[in-house]
Amino acid sequence: AHSDAVCTTVVMHGGMRLASGSDDNTIKIWNLLTGKKERTFLGHGGSVCAVAVTPCGTRLVSGSEDSTIKIWNLESTQEKRSLSGHTGSVNVIVVTPDGTRLVSGSDDNTLKVWNLQTGLQERSLVAQNRPIRAVIATPDGAGVVSGSGDSTVKVWDLQAGKVLHNLSGRCGSILAVAITPDGSRVVSGRYDKTISVWSLQEGTEEIIRTSHTGAIHTVAITPDGTHVVSGSEDSSIKVWELATRQEVRTLTGHSRAVRAVKVTPDGAWVVSGSGDGTLKVWGLQTGVEERAFSAHSGSVFAVAVSPDGLRVVSGGGDSTVKIWNLQSGQEERTLVGHSGPVHAVAVTPEGARVISGSGDNTIRVWSLKSGMKASETCISDQSLSCRVPQPGSCLMILGYSSPVVEDISLSDYRLAPSLLRRFVPR
């Protein structure tokens, strides 16, 4: 194992091996099936903060507190090139989808674009007023999105070296985020009882000043993208028309804070979980409470609905994950294994697996049908919320005690927190 804290991890293509970067200045490769270390990369003079693998799977790229980026032969561990130019710790690196360029973000407040073949720096972009903590490339490789401690998110055109959108918004804690089905807007719930609606195309923010009297812990968007559902510390659930930003109904019945809301795939029902330990099912159009489950012996922190709309998965403060029949309200099974509160649950797009994240710093993958644990991954932070944004893509984990978003590819179990810390300002 490493002799100091692990800062970053990424799983190789194929999902059989894991690379980890550490405060002990090394990178190690591990076999995920045997748990054994295969090789160690030596050369950095400071903590390894970021690790990435090129799309071809032959090269490893690392960023360090020593201000350098190193490119390695993945199999031989030979250092092929060292890139110098940053004057602060390299916190995040991302390789463009075509494998031709590398983008790095640093404590020196800059983004740098590098040619992976030549090692030459193509651009240096003064990105934000504080260190860069997040960078992600657009699918076409033409742009990147960067995030900083100054509570801003910037969308860049790499070719022009210009900012397309500056999503600065307001300062303040964001407690929940949802994306519309067409990917055009982001909806966030805030501690200050407001909802923000962001246009990702125009980079603008519109504020809904809600009638909630407590912080908004959770938001969900209906499958047709027409309505937003919010759950609050005030124990109420509200339904909003997204086009008009108007409140259309309030759902009351919980006796403590509403921690999770989900809408069923057919858009007919809202499922909510609360600090009162119950799950409730509501008619979206009527606002009527149809059924209630006495779910957990502690708070219900997380809720997910299976793709077929037949089952609900809940995570609770009692360290368990439970699977429920939505129609009958009967508990089908309890998944036991976590040693801390379960703050995050998701169901994979094909409906075969459940993923849970816990305050015990682990993510577990379970069979929905049998309840058997399929795998377990340790993470660097407690988990607060998770979702599967698109079929076959990633599980997103939002960190509880620090602003981290961690993605796990559901096809290769990739865990790359250092590449995907974004969208959660302090």
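**Strand pairing, a loop residue and cysteines**

In strand E28, Ser294 is the bridge partner of Thr278. The model described here is predicted. Thr278 is part of strand E27, which covers residues 278-283, while E28 covers residues 289-294. The two strands run antiparallel to each other and are paired over 5 bridges. Together E27 and E28 make a hairpin, with 5 residues between the strands. The turn of this hairpin includes Gly287, whose phi angle is positive, at about 75 degrees. In a regular strand, side chains point alternately to the two faces of the sheet.

Another part of the chain contains a loop between strand E3 (27-31) and strand E4 (37-41), and Leu33 lies in this loop. The relative accessible area of Leu33 is 66%, and the residue is therefore classed as exposed, the cut-off being over 50%. Leu33 is separated from Arg17 by 16 residues in sequence. In space, the C-alpha atoms of Leu33 and Arg17 are 8.0 Å apart.

A disulfide is a covalent bond that joins the sulfur atoms of two cysteines. The structure contains 0 disulfides. For Cys49, the closest cysteine sulfur belongs to Cys7, at a distance of 5.5 Å. This is too far for a bond, because a disulfide requires the two sulfur atoms to be within 2.5 Å. Cys49 has a relative accessibility of 12% and so counts as buried, for which the value must be under 20%. Cys56, by contrast, has a relative accessibility of 51% and counts as exposed, because this value is over 50%.

Key
Residues are numbered from 1 along each chain as its sequence is written. This is a predicted model: local features need pLDDT of at least 70, side-chain atom pairs count only at pLDDT 80 or more; totals for chains, interfaces and linings use all residues. Side-chain values use heavy atoms; hydrogens and water are left out. Buried means under 20% relative accessible area, exposed over 50%, partly exposed in between (1.4 Å probe, protein chains only). Two strands pair if DSSP finds at least two bridges between them. Helices (H or I, at least four residues) and strands (E, at least two) are DSSP runs, numbered from the N terminus.
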